[in-house]
There are 4 protein chains.
Amino acid sequence: MIDLLPHSVLIQTLSTLAGWQVCMDRSAIYKSFVFPDFNRAFSFMTSAALYAERHHHHPEWSNIFNRVDITLSSHDAGGVTQKDIDFARWIEIYLQNT
Amino acid sequence: MIDLLPHSVLIQTLSTLAGWQVCMDRSAIYKSFVFPDFNRAFSFMTSAALYAERHHHHPEWSNIFNRVDITLSSHDAGGVTQKDIDFARWIEIYLQNT
Amino acid sequence: MIDLLPHSVLIQTLSTLAGWQVCMDRSAIYKSFVFPDFNRAFSFMTSAALYAERHHHHPEWSNIFNRVDITLSSHDAGGVTQKDIDFARWIEIYLQNT
Amino acid sequence: MIDLLPHSVLIQTLSTLAGWQVCMDRSAIYKSFVFPDFNRAFSFMTSAALYAERHHHHPEWSNIFNRVDITLSSHDAGGVTQKDIDFARWIEIYLQNT
């Protein structure tokens, strides 16, 4: 099992991930994304789904038309781990290159 | 614009769509689906996304691993219309054939 | 039914669509795309699939890892029509914005 | 690296995988699938894409509307290995349950 990130490390790490925040009510991080249209939103979700299967680490997410809200947490560890940070960073790099 | 369904018609129609319910707090219908795994959940979402684009009618939905929650409402009409019923029925037929 | 594009119009139009070519052996246009990885290739295919369903016009395509080959033709018209050009142009604009 | 399957083992294994055949011109196996429509074809492709990413093993495939042709081979081994058989078997089980 992977270790929980200490809170101070988590806060420092999130400062390098624009727009990602710690959830108020639970140990998780989240961010909302807005795309030009549903097509773009869902093809991004497909990319993230492929990442999730490859890394055995799945998001909690919702979609309304061109908006995607993503929450990341490591259920087996009971909070945020490096796997969540890696996923968030991958998303940021992915979107910078699109 | 498409007309809102009268409440009595909506209730009667939902009685033929197993598991679909009227939302308590707004004019919309919803249902939760559980799949064997994330793979199945997301390929179902892809089917529904393709339907949504074809019919210019998009769901509000969330996914956690093997679970997909779908809420349908016609935003331009401000509530449930035949387009939502058609989408719900398509989902049911799709899943019966999978 | 939509009209076939006259050959001269087709050639002139393709000159504005970088990399798209007329097939040698049939009335169709094609282009090969190379992406950084399979993830990117397949999320592009998902976007194009959503376009295809929305516009009732589907590609012939193949994929090997990070490569996607697309052939477009209007089967009901027996050759290249404006629908194929629109699809090709959409793909180019999509990829320029990714 | 994973070992090539001996030809006799391959032939015997394929006899348990309905419709899968050895390619005539190269060391690979293939099968054609026909679905009710493009929606079903592409959501199946999405499932297979998720499998491919999870297992780091990708298909060569083509799609025309409701038809999907899949060729499987292990490029690093230069032919058919157990990874290809596993993928083919997963596809068969997936489709039996849909």
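In strand E3 of chain D, D:Glu60 is the bridge partner of C:Ile64. This pair belongs to a predicted model, and it offers a way into the strand pairing, in which E3 of chain C (residues 60–64) and E3 of chain D (residues 60–64) run antiparallel to one another and are joined over five bridges.

On the side of chain D, the pairing continues within the chain, since E3(D) is also joined by five bridges to strand E4 (residues 67–72) of chain D, again in the antiparallel sense. Here D:Ile64 has D:Arg67 as its bridge partner in E4(D). The hairpin that E3(D) and E4(D) form has two residues between the strands, and in it D:Phe65 takes a positive phi near 50°.

Chains A and B also pair through strands, with E3 of chain A (residues 60–64) and E3(B) antiparallel over five bridges. Within that pairing, A:Asn63 stands opposite B:Trp61 of E3(B).

The contact between these two chains involves 15 residues of chain B and 16 residues of chain A. Together they bury about 1,300 Å², and 73% of this area lies on carbon and sulfur atoms. On the side of chain B, B:Phe38, B:Phe42 and B:Trp61 supply 37% of the area buried against chain A, which is more than any other three residues give. B:Trp61 is thus met twice, as the residue opposite A:Asn63 in the strand pairing and as one of the three residues named for their share of the buried area. As for polar interactions, the count of salt bridges between chain B and chain A is zero, while two residue pairs are found in polar contact across the interface, both at pLDDT 80 or more. The elements of chain B that give two or more residues to the side touching chain A are helix H2 (38–55) and strand E3 (60–64), and the largest share, seven residues, comes from H2(B). Sorted by class, this side of chain B has eight nonpolar, five polar and two charged residues.

Chain B has a second partner in chain D, and here the relation between the copies can be described directly. A turn of 180° with a shift of 0.0 Å along the axis lays chain B on chain D with an RMSD of 0.0 Å, and the two copies are therefore related as by a two-fold rotation axis. The residue of chain B that comes closest to this axis is B:Thr98, whose C-alpha lies at 1.6 Å. Both copies use the same surface, in that 100% of the contact residues of chain B recur in chain D.

The contact takes 14 residues from each of the two chains, B and D, and the area buried between them is about 1,100 Å², with 55% of it given by carbon and sulfur atoms. Of the area that chain B buries against chain D, 45% is supplied by B:Asn39, B:Arg40 and B:Leu50, more than by any other three residues. Between chain B and chain D the count of salt bridges is zero, whereas eight residue pairs are in polar contact across this interface, with both residues at pLDDT 80 or more. H2 and helix H3 (82–96) of chain B each supply at least two residues of the side that touches chain D, and H2(B) gives the most, with nine residues. By class, the side of chain B that touches chain D has seven nonpolar, six polar and one charged residues.

Helix H2 of chain B accordingly takes part in both contacts, giving seven residues to the side that touches chain A and nine residues to the side that touches chain D.

Note on methods. Residues are numbered from 1 along each chain as its sequence is written. Chains are lettered from A and ligands numbered from 1 in the order in which they are written. This is a predicted model: local features need pLDDT of at least 70, side-chain atom pairs count only at pLDDT 80 or more; totals for chains, interfaces and linings use all residues. Side-chain values use heavy atoms; hydrogens and water are left out. Contact means heavy atoms within 4.5 Å. Buried area is the accessible area (1.4 Å probe) that two parts lose on being put together, summed over both. A salt bridge is a side-chain nitrogen of Lys or Arg within 4 Å of a carboxyl oxygen of Asp or Glu. A polar contact is a pair of N or O atoms within 3.5 Å; within protein, one must be able to donate a hydrogen and the other to accept it, and residues adjacent in sequence count only if both atoms are side-chain atoms. Helices (H or I, at least four residues) and strands (E, at least two) are DSSP runs, numbered from the N terminus. Ala, Val, Leu, Ile, Met, Phe, Trp, Tyr, Cys and Pro count as nonpolar, Asp, Glu, Lys and Arg as charged, and the others, Gly among them, as polar. Two strands pair if DSSP finds at least two bridges between them. Copies are superposed by least squares on the C-alpha atoms of residues with pLDDT of at least 70 in both.
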